[in-house]
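Got the viewer open and a hand on the mouse? Let's take a walk through this model, one selection at a time.

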Amino acid sequence: MDVKKLEKVFFYNSSQRDICADIAWLTEKLFLEKNSIIIFCTDQETVEVVDDFLWGYREDGFIPHSLQKKGENSVYPILITTSIDNGYDHNVLLALNGALIRERDWQGFAKIYYFFDDQDSKEKENARSMWKSFSSFKVECKYWITKKNKWVLANSR
């Protein structure tokens with residue numbers, strides 16, 4: 001897959017949502033659109049929760065994925081990890097828990113879906129920092145919130 005310039009970043013304020021269900025739905029949708037996806041978690045506990053949820057997401061199937069293993073590159077189109085390795089050839093990044101992402105780590109992705117909880121001051125601060133960083137590179141950013149249990153676009157830049 002060709003490395004693409006980052007086109008868009010979607011920020012999701014997930015403080016009032018079942019984040020695992022949203023991640024599973026989005027991952028399945030992106031996978032069916034032939035994207036390769038890294039799900040970037042801030043800790044191993046989140047990796048395990050997401051891993052378990054993706055295996056049992058549907059009664060009639062599962063979302064095929066793998067976990068990062070030391071020294072091994074993933075051939076799976078969906079990888080759950082606590083680190084972003086430039087050796088992977090994925091075009092979409094799902095960043096969870098308001099993770100800070102270094103510029104060199106996000107440059108190879110075409111799209112980023114950034115989930116944070118604005119009730120957590122550190123995650124909120126990180127999201128603001130990431131918004132400023134992406135905006136300074138003229139990357140299109142969209143900020144989504146929930147109203148009546150639906151995602152609603154709140155801001156765009």
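Start by selecting T46, V47, V50, D51 and L54: these residues of helix α2 are buried, where buried means under 20% relative accessible area, exposed means over 50%, and partly exposed is in between (1.4 Å probe, protein chains only). They sit on the same side of α2, because they cover an arc of only 135° around the axis; the arc is that of the directions from the helix axis to the C-beta atoms.

Before you click on: this is a predicted model, where local features need pLDDT of at least 70, side-chain atom pairs count only at pLDDT 80 or more, and totals for chains, interfaces and linings use all residues. Residues are numbered from 1 along each chain as its sequence is written, and side-chain values use heavy atoms, with hydrogens and water left out.

**Around α2**

Now colour the whole of α2, residues 44-56. Helices (H or I, at least four residues) and strands (E, at least two) are DSSP runs, numbered from the N terminus. With 13 residues, α2 reaches 19 Å from its first C-alpha to its last, close to the 18 Å expected at 1.5 Å a residue; the expected span is 1.5 Å times one less than the number of residues.

Turn to the face pointing away from the buried side and you'll find the exposed residues E45, D52 and G56. What lies over the buried residues? The cover includes α1 (19-32), β2 (37-40), β3 (66-67) and β4 (78-81).

Next, zoom in on D43, which caps the N-terminal end of α2: one of its side-chain oxygens is 3.2 Å from the backbone nitrogen of E45. That's a polar contact, a pair of N or O atoms within 3.5 Å; within protein, one must be able to donate a hydrogen and the other to accept it, and residues adjacent in sequence count only if both atoms are side-chain atoms.

**Over to α1**

Select α1 next. Its 14 residues should span 20 Å at 1.5 Å a residue, and its end C-alpha atoms are indeed 20 Å apart. The buried residues here are C20, D22, I23, A24, L26, T27, E28 and L30. Their cover includes β2, α2, β4, β5 (92-95), β6 and β8.

Click on T27 in this helix. Is T27 buried or exposed? It's buried, with a relative accessible area of 0%. Its side chain reaches the backbone oxygen of I23 at 2.7 Å. Setting aside neighbours within four places in sequence, T27 is in contact (heavy atoms within 4.5 Å) with I37, I39, I63, I78 and L94. Just after α1, look for K34, which has a positive phi near 70°.

**The sheet**

Switch to a cartoon view and follow the eight strands of an open, mixed sheet: β3-β4-β2-β5-β6-β1-β7-β8. Two strands pair if DSSP finds at least two bridges between them. At the edges stand β3 and β8, each with a single partner strand, so one side of each has no neighbour in the sheet.

Now pick out β1 and β7, which run parallel and are joined by five bridges. The bridge partner of F11 in β7 is Y143. Also in β1 is K8, which is partly exposed at 28% relative accessibility. Although K8 and V139 are 131 residues apart along the chain, their C-alpha atoms are separated by 5.9 Å.

Move along to β7 (residues 140-147) and β8 (residues 150-156), an antiparallel pair with six bridges. W144 stands opposite L153 in β8. The hairpin has two residues between the strands, and K148 takes a positive phi near 55° there.

**Aromatic rings**

Last stop: show the rings. How many aromatic pairs does a search of the whole structure find? Twelve. Rings of Phe, Tyr and Trp (its six-membered ring) pair if their centres lie within 6.5 Å; planes under 30 degrees apart count as stacked, over 60 as edge-to-face and the rest as tilted.

Try F11 and Y114, a tilted pair at 5.1 Å centre to centre with 50° between the planes. F11 lies in β1 (residues 8-13) and Y114 in β6 (residues 111-116), so this pair ties together parts that are 103 residues apart in sequence. F11 also forms a tilted pair with W131, at 5.1 Å centre to centre and 55° between the planes. Here W131 is in helix α4 (residues 121-136), so the parts tied together are 120 residues apart in sequence.

Finally, select F11, W106, Y114, F116, W131, F134, F137 and Y143 to see the cluster that ring pairs link up.
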